[in-house]
Amino acid sequence: MLAFHEGIKAYAMGDGRLMVFRISDHISRLFDSARVLRMPIPYTKEELEKAVLETLLKNHATLATNGIRVKISSVQRPHRNLLPTHAKISGCYLSSILARMEANENGFDDAILLDYKGYVAEGTGANIFLVDDGKIFTPRPDHILLGVTRDSVITIARNLGYTVIEKDLTVKDLKTSEELFFSGTAVEITPIVEVDKKKIGDGSIGNVTLEIRKEYFEVLNGNRAAYRQWLKLVDARSIRTRNRKLKGWSD
Ligand code: PMP
């Protein structure tokens with residue numbers, strides 16, 4: 001069966017309203033995934049966005065995170081010529097599911113998949129970053145899902161003054177790094193404190209990870225004006241505004 005999906009997250013704001021993070025980027029990637037499978041979506045991007053906002057108006061969700069222990073998986077991340085790894089389509093997730101099962105069976109929280117050359121690709125549902133000598137590294141965008149959170153982390157870290165480099169990373173690079181973390185809509189910024197039972201740094205959550213995670217939440221909480229375009233408030237007014245736009249009315 002052919003299927004595609006998208007993972008989008010909403011946050012409860014201090015004033016009780018909900019905010020969706022980078023909804024247009026997620027909806028755009030949904031359309032990209034549908035195009036890969038030649039499956040038409042019988043709605044416009046605006047209609048889907050409105051449907052998400054309307055659904056969220058009736059629902060709420062939250063999440064919390066600690067440092068996790070991961071396993072380097074024996075399951076390989078598929079080459080992009082084998083499967084369109086940039087799309088969120090069901091077939092691509094078989095390797096993630098198998099890797100996660102293998103990791104859990106062996107007492108780990110999650111797994112890291114390598115690409116066909118043996119370089120680090122990503123987690124089962126997240127992108128990966130490492131910190132070395134104060135610089136931040138992440139795998140090149142070859143065989144991975146281009147995470148919206150990955151892009152957010154790169155932007156936020158650079159704006160905080162960090163050097164962020166996309167390059168081929170080895171398992172040794174991971175194990176000798178000062179800090180490691182996953183990024184993703186569901187996992188947000190999740191510190192990784194052990195890889196294959198080897199402690200990362202001193203085994204506690206690193207300072208760079210903490211700083212980036214703190215700044216990420218400042219952005220999500222609407223405390224950083226420079227990133228406001230990433231936030232979409234879910235309230236009746238924003239839906240009415242969108243309705244008017246859909247009907248061709250101008251604001
Ligand atoms: N890689 C994979 C395989 C994923 O499933 C996800 C979750 N969508 C990510 C990376 C992170 O992507 P995003 O930041 O857009 O959630």
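**How the ligand pocket is defined**

Author: In this predicted model, 25 residues line the largest pocket, and those nearest its centre are Lys88, Tyr93, Gly125, Ala126 and Leu145. Two or more lining residues come from each of α3 (93–105), β5 (120–123), α4 and β9, with helices (H or I, at least four residues) and strands (E, at least two) taken as DSSP runs numbered from the N terminus. Numbering starts from 1 along each chain as its sequence is written, and side-chain values use heavy atoms, without hydrogens or water. Local features need pLDDT of at least 70 and side-chain atom pairs count only at pLDDT 80 or more, while totals for chains, interfaces and linings use all residues.

Reader: What makes the largest pocket a pocket, and what makes the largest cavity a cavity?

Author: Both come from a 1 Å grid over the protein atoms alone: a pocket is an open set with protein on both sides within 12 Å along at least five of seven lines, whereas in a cavity a 1.4 Å probe fits but cannot get out; lining residues have an atom within 4 Å of a point. The largest pocket holds about 320 Å³ of space, and the largest cavity about 30 Å³. A volume here is the space filled by probe spheres set on the points, which are joined across faces, edges and corners. Lining that cavity are Arg77, Thr85, Ala87, Cys92, Tyr93, Ser96 and Leu145.

Reader: How do you know where the ligand sits?

Author: The ligand sits in the largest pocket, because more than half of its atoms lie within 2 Å of the pocket's grid points.

Reader: Why do 16 residues count as surrounding the ligand?

Author: They count because a residue is near a molecule if one of its heavy atoms lies within 4 Å of it. Of these 16, the closest are Lys88, Tyr93, Glu122, Thr149 and Thr185. α1 (23–36), α4 (148–159) and β9 (179–184) each give the shell at least two residues.

Reader: What makes the approach of Tyr93 to the ligand a polar contact?

Author: A polar contact is a pair of N or O atoms within 3.5 Å (within protein, one must be able to donate a hydrogen and the other to accept it, and sequence neighbours count only if both atoms are side-chain atoms). A ligand oxygen is 2.5 Å from an N or O atom in the Tyr93 side chain, so the pair qualifies. Ligand oxygens also lie 2.9 Å from a side-chain N or O atom of Arg29 and 2.8 Å from a polar backbone atom of Val148. The protein covers 96% of the 390 Å² of accessible area that the ligand has on its own, by the Shrake-Rupley method with a 1.4 Å probe.
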